[in-house]
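Subject: Structure handover

Hello,

Here is the structure I said I would pass on. My notes on it follow below.

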Amino acid sequence: PDPAIFNHLLRRYNLDPEETAMLDDSPANCKTAASLGLRTRRIDNAGPDNMLSVTRHIIKERAL
């Protein structure tokens with residue numbers, strides 16, 4: 001997990017790290033993203049249905 005990749009995406013899409021969530025099944029990727037200020041959520045068994053469910057949950061959390 002190279003921080004340069006995350007930084008490149010943040011710059012390219014003009015994202016604020018504190019307002020950006022990153023979902024992944026890799027603890028190393030989550031650790032790197034968190035060190036850059038992104039909100040992270042590690043998901044075991046990151047199949048499409050599980051990712052969609054967790055994404056919906058995060059959106060609902062932010063709406064409250």
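How much area does the protein expose, and what share of it do carbon and sulfur atoms supply? The exposed area is about 4700 Å², and carbon and sulfur atoms supply 53% of it. Please keep in mind that this is a predicted model.

Overall layout

The protein has 3 helices and 2 strands, and along the sequence they follow the pattern α-β-α-β-α. Of the 64 residues in the protein, 20% are buried. Among contacts with a separation of 6 or more, 25% are between residues 24 or more positions apart.

Helix α1 and the loop after it

Ile-5, Leu-9, Tyr-13 and Leu-15 make a nonpolar surface patch of about 390 Å². One of these, Leu-9, sits in helix α1, which spans residues 3-12. Is Leu-9 buried or exposed? Neither word fits: its relative accessibility is 38%, so Leu-9 counts as partly exposed, because that class lies between the 20% limit for buried and the 50% limit for exposed.

The loop between α1 and β1 contains Asn-14. Asn-14 is not a glycine, yet its phi is positive, at about 50°. With a relative accessibility of 70%, Asn-14 counts as exposed.

Strand β1

Strand β1 covers residues 21-24, and Asp-24 belongs to it. Asp-24 is buried but has no salt bridge. Which side chain of opposite charge is nearest to Asp-24? That is Arg-42, 7.5 Å away; the pair does not count as a salt bridge because the limit for one is 4 Å. Apart from neighbours within four places in sequence, Asp-24 is in contact with Asn-29, Cys-30, Arg-41, Arg-42 and Ile-43. Arg-42 is therefore in contact with Asp-24 without forming a salt bridge to it, since contact is judged on heavy atoms within 4.5 Å and a salt bridge on a side-chain nitrogen and a carboxyl oxygen.

Helix α2

Helix α2 runs over residues 27-35, and its buried residues are Cys-30, Thr-32 and Ala-33. They lie on the same side of α2 because they cover an arc of only 165° around the axis. The buried residues of α2 pack against α1, β1 and β2, the last of these being residues 39-42. The face of α2 turned away from this buried side carries the exposed residues Lys-31 and Ser-35. As background, an α-helix has 3.6 residues a turn, so residues three or four places apart point the same way.

Two alanines of α2 are also worth a look. Ala-28 is in this helix and is partly exposed, with a relative accessible area of 38%. Ala-28 and Pro-1 are 27 residues apart in sequence, and their C-alpha atoms are 6.5 Å apart in space. Ala-34 is in α2 as well and is partly exposed, with a relative accessible area of 39%. The C-alpha atoms of Ala-34 and Glu-18 are separated by 9.6 Å, and the two residues are 16 residues apart along the chain.

After α2 comes Gly-37, which has a positive phi near 100°.

Regards

Notes. Residues are numbered from 1 along each chain as its sequence is written. This is a predicted model: local features need pLDDT of at least 70, side-chain atom pairs count only at pLDDT 80 or more; totals for chains, interfaces and linings use all residues. Side-chain values use heavy atoms; hydrogens and water are left out. Patches are made of residues with over 30% relative accessible area and no salt bridge: like charges are joined within 9 Å, nonpolar side chains (Val, Leu, Ile, Met, Phe, Trp, Tyr) within 5 Å. Accessible areas come from the Shrake-Rupley method with a 1.4 Å probe; for residues, only the protein chains shown count as cover. Helices (H or I, at least four residues) and strands (E, at least two) are DSSP runs, numbered from the N terminus. Buried means under 20% relative accessible area, exposed over 50%, partly exposed in between (1.4 Å probe, protein chains only). Lys and Arg count as positive and Asp and Glu as negative; His and the chain ends are not counted. The arc is that of the directions from the helix axis to the C-beta atoms.
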